[in-house]
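Please give a short briefing on the structure shown here. Plain wording is enough, with the points grouped by topic.

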Amino acid sequence: MRQFSETEKQQLQTKIENQERKQRIVGDIIRKNKEAKAAHSLGIPWKYGFLAIILCLLAINVIIYFVVRHYDANSHIAVLNLVVVLMLLLNHVAFYFSTSGRLSTVMKTVACIVAVLGLAHAAYVFWLTV
């Protein structure tokens, strides 16, 4: 059996301490990840509850649109309401239901573009009504 010198013993002890420190860090990361997943489960009612609220708003605004579309004064406002609800729906789906990958990037990009176009439409409706 080989005998280690003092410098080799010190080097091995340093390596052992480094490995123990790395294992503690990895253990902390795993523990925090489990805690985050447990906290994330609280967000599920929020995710689906808010989706239900947005879909109800969309249904109400579609009904209002078909009732009010015959009146010129309120038709722009009815369309604006639909645009705002669609902006909310696309942003909610893009940021809460898609997590990673190319599809997520595309959905988030489309949601942001629709948000910008919706704000431009809101400015146009504001310009028309004022």
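In this predicted model, Y48 is partly exposed, because its relative accessible area is 45% and the partly exposed class runs between 20% and 50%. A search of the whole structure finds four aromatic pairs. Y48 belongs to one of them, an edge-to-face pair with F97.

**Aromatic pairs**

- The ring centres of Y48 and F97 are 5.4 Å apart, and their planes make an angle of 65°.
- Y48 sits in helix 2 (residues 43–68) and F97 in helix 3 (residues 72–97), so this pair ties together parts that are 49 residues apart in sequence.
- F97 is also partly exposed, with a relative accessible area of 30%.
- Another edge-to-face pair is formed by Y65 and F66, with 5.5 Å from centre to centre and 65° between the planes.
- Y65 has a relative accessible area of 25%, so it counts as partly exposed.
- F66 counts as partly exposed as well, at 46% relative accessibility.

**Salt bridges**

- How many salt bridges does the count come to? The count comes to two.
- Side chains of opposite charge can pair when their charged atoms come close.
- One salt bridge joins K9 and E6, whose closest N and O atoms are 3.9 Å apart.
- K9 and E6 are three residues apart in helix 1 (residues 6–40), which means that about one helical turn separates them.
- K9 is partly exposed, with a relative accessible area of 43%, whereas E6 counts as exposed at 59%.
- Why does E6 count as exposed? Its relative accessibility is 59%, and the exposed class begins over 50%.
- R31 and D28 also meet in a salt bridge through their side chains, at 2.9 Å from N to O.
- Both R31 and D28 lie in helix 1, three residues apart, about one turn of the helix.
- R31 counts as partly exposed at 42% relative accessibility, and D28 is partly exposed with a relative accessible area of 35%.

**Two residues of helix 4**

- S104 has its place in helix 4, which covers residues 102–129.
- Is S104 buried or exposed? S104 counts as buried, because its relative accessibility is 4% and the buried class lies under 20%.
- With neighbours within four places in sequence left aside, S104 is in contact with S98 and T99.
- I113 is in helix 4 too.
- I113 has a relative accessible area of 46%, so it is partly exposed.
- The C-alpha atoms of I113 and M87 are separated by 9.5 Å, while the two residues are 26 residues apart along the chain.

**The protein as a whole**

- The secondary structure comes to four helices and zero strands.
- Along the sequence, the pattern reads α-α-α-α.
- Of the 130 residues in the protein, 16% are buried.
- Among contacts between residues at least 6 apart in sequence, 61% join residues at least 24 apart.
- The accessible surface is about 10300 Å², and 68% of that area belongs to carbon and sulfur atoms.

Key. Residues numbered from 1 in each chain as written. Predicted model: local features only at pLDDT ≥ 70, side-chain atom pairs only at ≥ 80, totals over all residues. Heavy atoms only, no water. Buried < 20%, exposed > 50% of the residue type's maximum accessible area, 1.4 Å probe, protein only. Contact = heavy atoms within 4.5 Å. Areas by Shrake-Rupley, 256 points an atom, 1.4 Å probe, with all protein chains shown as cover. Phe/Tyr/Trp six-rings, centres within 6.5 Å; stacked < 30°, edge-to-face > 60°. Salt bridge = Lys/Arg side-chain N within 4 Å of Asp/Glu carboxyl O.
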